[in-house]
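Student: I am new to this structure. Please choose one part of it, look at it closely, and then say how it sits in the rest.

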Amino acid sequence: MNSSNGASAEKWNLRLYTAGQSPKSLAALANLKRVCDEHLAGRYSIEVVDLLKNPRLAKDDQIVAIPTLVRKLPEPLRRLVGDLSDTERTLVGLQLRPRT
Amino acid sequence: MNIERPARARALPKAPTGIDGLDEITDGGLPRGRPTLICGGPGCGKTLLATEFLVRGATQFGEAGVFISFEETGEELAQNVRSLGFDLDRLVEEKKLAIDYVRVERAEIDESGEYDLEGLFLRLGLAIDSVGAKRVVLDTIESLFGGFTNEALLRSELRRLFRYLKDQGVTAVITGERGERSFTRQGLEEYVSDCVILLDHRVNEQVSTRRLRIVKYRGTTHGTNEYPFLIDESGFSVLPLSGVQLDHAVSNERVSSGVPGLDEMLDGKGYYRGSSILVSGTAGTGKTSIAAHFAHESARRGERCLLLAFEESPQQLMRNMQSIGIDLEPFVRKGVLAIHASRPTLHGLEMHLMRIHKMVAQFDPAAIVIDPVSNFIDSSTALETQAMLLRLIDFLKTKQITALFTHLTSGDGALEGTDVGISSLIDTWLLVKTFETGDERSRGLYVLKSRGMPHSKQIREFLITSRGVQLETMKDRKK
């Protein structure tokens, strides 16, 4: 069963916090795109925030770990840290799959 | 013979904390440019100590600070210390302090794959740069272990963090919660190898005592005892017990006891300035009157006197003394005499002693009266408290403060036996006894000892009249 194929056509608004072009940051973005294309095709947007360029945002947005993915929409806000290499946990974290 | 001391230049540079006593027992402060771990159970004062380190750094030593708080928001922190007169908001405004509240909540965070704590590093770096910080507090970094699950990663990041702090050259204070088998739950002491300070909060017979111990301080001498500390309206203070030696200056000057008959018994001149005097006796023998005479006489000469009453309120004491012709009130109004009263049971005895230290430091008296000191001597925690009392007496001696203690003894028989611990430090020891002569009970005073003077061996009759204490020789009396 794939919950992303449900009736919801709501827009997904994702923000990925990175620190420069680190391998973990690059991996996170690639992994995120893959998951989104598969489950949220056509209804997602990813904003990448490079904290090296804008360190203030780390404080303002309470970022500790890098990379951090924040699901801004749909609500509620979710946070997911890591390079998103564990697809299963990424899906659970984004609530695209129920927690087992 | 001249023995050269090792070169001072090699000594570790220190960052003074500005906290009373702490800089003395650490021989100058915390290791500059290095992290110090402060650990202890909940409510032991870790956060306050860390905060005060920053506040004093910013206000007294011109070193700006960063407070990374994992537990409380900036607002909460500011509120906690406002009552101590620390205005964090203003320091932030003046760019002397940067506060960042780092929120880590496991319930809100999922993990997928590899990550690091670069976000925290960036925030720390930003905060340091924003004020040009020389001091950093992380309170308490262990919260990270509650927010993230990858322990191996956290540990390697912590190691990186401490290295980063050293590279930045900041003097850092890291707090940690006391663990069961280690100093901190997460074994932070493994990363901080320079200085570890342990705080403790014990409650003994419903009286709480706070203690501080320096567990380790690499490359420097430090006191190894447990030092009682106090948190009061002016912040943190530690009572240093060390450094008191028997080489204080000795005065040949004499000060009147305020009772002519008593001066007469003491070589006609009274007590030595800077000496300690003990007045022992059973209840109601007039010990307080002798003490009040001395306080009155000091104040009359214009010398500041601190009178600590542990049995009566200042008003009651003044009224009672007025009834026998000793008027203390004008001197209190003039500020030459300060009377402080408190119940001995209100605080731990150590707290009392610490308060006395502080009051002496603030009031700077030439004479002090403690009425009575018995509570300190006879307390159940006898040994340590006695040791502290002895240190207090030594402290007063080094300051050349004449100290008069009254001591309530339980029965005539035990009079001379009770004060073994204190007697060696007492220079002049007066005893008030009751005698039965024929069909009359009367009081008699004699000088048990008085160092450095030929004193009277007589027992004099001790009368309390409307004009104060009068001492008469027994012969006079029989006439």
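**The nine-stranded sheet of chain B**

Tutor: Strand E15 (residues 276-281) and strand E19 (residues 402-408) of chain B run parallel and are joined by six bridges. Strands (E, at least two residues) and helices (H or I, at least four) are DSSP runs numbered from the N terminus, and two strands pair if DSSP finds at least two bridges between them. This is a predicted model, in which local features need pLDDT of at least 70 and side-chain atom pairs count only at pLDDT 80 or more, while totals for chains, interfaces and linings use all residues. Residues are numbered from 1 along each chain as its sequence is written, and chains are lettered from A and ligands numbered from 1 in the order in which they are written.

Within the E15-E19 pair, B:Ser280 has B:His407 of E19(B) as its bridge partner. Both strands belong to an open sheet of nine strands in chain B, whose order is E17-E16-E18-E19-E15-E20-E21-E22-E23 and whose pairing is mixed. At the edges are strand E17 (337-341) and E23 of chain B, each of which pairs on one side only. On average, neighbouring strands of the sheet are turned by 25 degrees against each other, direction ignored.

Towards the E23 edge the pairing is antiparallel: strand E22 (residues 459-465) and strand E23 (residues 468-473) of chain B share six bridges. One of these pairs B:Ile464 with B:Val469 in E23(B). With two residues between them, E22(B) and E23(B) form a hairpin.

A helix crosses the sheet. Helix H9 (residues 287-300) of chain B lies across E15, strand E16 (305-309), E17, strand E18 (367-371), E19, strand E20 (428-437), E22 and E23 of chain B. The helix runs at about 160 degrees to E18(B); axes are lines fitted to C-alpha atoms, for helices over the stretch in contact, and angles run from 0 to 180 degrees between N-to-C directions.

Now the surroundings. Chain B has 16 helices and 23 strands. Of its 479 residues, 47% count as buried, that is, with 20 or more other C-beta atoms within 10 Å of their own. The largest nonpolar core, a set of buried Ala, Val, Leu, Ile, Met, Phe, Trp, Tyr and Cys residues joined through C-beta atoms within 7 Å, has 150 residues. B:Leu97, B:Ala295, B:Leu307 and B:Val369 have the most contacts inside the core. Helix H5(B) gives the most to this core, with seven residues. The core lies between domain 1 (8-238) and domain 2 (254-478) of chain B, because both give residues to it; these bounds come from an automatic or database domain assignment.

B:Leu97, leaving aside neighbours within four places in sequence, is in contact with residues including B:Leu54, B:Phe67, B:Leu88 and B:Val131. Contact means that the C-beta atoms, placed from the backbone, lie within 7 Å.

Finally, chain B also meets chain A: 21 residues of chain B are in contact with 27 residues of chain A. Strand E6 (109-111) and helix H5 (118-131) of chain B are the elements that give two or more residues to that side of chain B, and the largest share, six residues, comes from H5(B). E6(B) pairs in the parallel sense with strand E4 (residues 78-81) of chain A over three bridges. In this pair, A:Arg79 stands opposite B:Ile109.

Definitions and conventions: Two residues are in contact if their C-beta atoms, placed from the backbone, lie within 7 Å. A residue is buried if 20 or more other C-beta atoms lie within 10 Å of its own, exposed if 12 or fewer, and partly exposed in between; C-beta atoms are placed from the backbone.
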